[in-house]
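Open the model in your viewer and set it to show the backbone and side chains. The stops below say what to select and what to look for.

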Amino acid sequence: MADYTLGFTGAQIDAALAFANNGAMKAFGVFNGATTDKSYNVTSITDSSTGRFVLNFTNDFADANYLVPSVGGAQPTNSRGGDFVGFYVAGGAGRATGLCPVAATAASSASSIAVAIDRPYAGAGIVGDLA
C-alpha cells in the first residue's frame, strides 16, 4: 500500500476546526431502554420513568442552551394503537450542562393526546458548544 501525504493550508484547517467546534453534533446516544447501543460523549443513559431518559455527558456543554433535534416516526404497533411517535427534550426540569432529559411519546391519532411510552429503540443527538 502506498503512503500519501495530504497538504492543507492553515485556512483549511481553521475552517475544519471551526465546523467541529461550532456546528457538529457534540453528543449522541442510541439506546434500548437504559441499555446503550452506541454513543458519543455520553457516559450513561438513565431510565428515569416510562418514556423518560436522562443522557449524562462525558464532557459538559458550555451552557444548557444546546439543541436536541426533535424526531418523530411511525410505530403502528405501539400500545396506544396509533402510529404518531415523538421524541423531545423532557421539559426544563433537570436540563443542565452535564445532562439532558429526553422523552418518547405516542398518540393514537394526530389529534389525540400523546402519552409517554418506552420505545424499543430510541436516540438523541445534541448540538451545542462544549465547555
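Select Leu55 and show its surroundings. This is a predicted model. Leaving aside residues up to four places away in sequence, Leu55 touches Gly29, Phe31, Val42, Ser44, Ile45, Gly98, Leu99, Cys100, Val102, Ala124 and Ile126.

Now widen the view to the nonpolar core. The largest one has 16 residues. Which of its members touch the most others? They are Leu55, Phe57 and Ile126. Colour the strands that feed this core: E1 (25–32), E3 (42–49), E4 (52–57), E7 (99–107) and E9 (122–127). Each of them supplies at least two core residues.

Stay with strand E4. Is E4 mostly covered or mostly open? Mostly covered: five of its six residues are buried.

Next, look at the partners of E4. Strand E3 pairs with E4 in the antiparallel sense, over six bridges. Pick Ser49 and you find its bridge partner in E4, Arg52. Follow the chain from E3 into E4. The two strands form a hairpin, with two residues between them. Click Gly51 in the turn: its phi is positive, about 75°.

Strand E7 is another partner. E4 and E7 run antiparallel and are joined by five bridges. To see one bridge pair, select Phe53 and then Val102 in E7.

Move on to a sheet of three strands. What is the strand order in this open sheet? The order is E2-E1-E9, with antiparallel pairing. Strand E2 (35–40) and E9 are the edges, and each pairs on one side only. Neighbouring strands here are turned by 10° against each other on average, direction ignored.

Zoom in on E1 and E2. Five bridges hold this antiparallel pair. Select Gly29 and look across to Ser39 in E2, which stands opposite. Gly29 has already appeared on the tour, among the residues that Leu55 touches.

For the last stop, select Asn41. Where does Asn41 sit? Its place is in the loop between E2 and E3. Why does Asn41 count as buried? Because its relative accessibility is 8%, and buried means under 20%.

Show the contacts of Asn41. Its side chain reaches the backbone nitrogen of Asn59 at 2.6 Å. Not counting residues up to four places away in sequence, Asn41 touches Lys26, Ala27, Asn56, Phe57, Thr58, Asn59, Phe61 and Leu130. One of these, Phe57, takes you back to the core, where Phe57 is among the residues touching the most other members.

Methods:
Residues are numbered from 1 along each chain as its sequence is written. This is a predicted model: local features need pLDDT of at least 70, side-chain atom pairs count only at pLDDT 80 or more; totals for chains, interfaces and linings use all residues. Side-chain values use heavy atoms; hydrogens and water are left out. A nonpolar core is a set of buried Ala, Val, Leu, Ile, Met, Phe, Trp, Tyr and Cys residues joined through side-chain atoms within 4.5 Å. Buried means under 20% relative accessible area, exposed over 50%, partly exposed in between (1.4 Å probe, protein chains only). Helices (H or I, at least four residues) and strands (E, at least two) are DSSP runs, numbered from the N terminus. Contact means heavy atoms within 4.5 Å. Two strands pair if DSSP finds at least two bridges between them. Axes are lines fitted to C-alpha atoms, for helices over the stretch in contact, and angles run from 0 to 180 degrees between N-to-C directions. A polar contact is a pair of N or O atoms within 3.5 Å; within protein, one must be able to donate a hydrogen and the other to accept it, and residues adjacent in sequence count only if both atoms are side-chain atoms.
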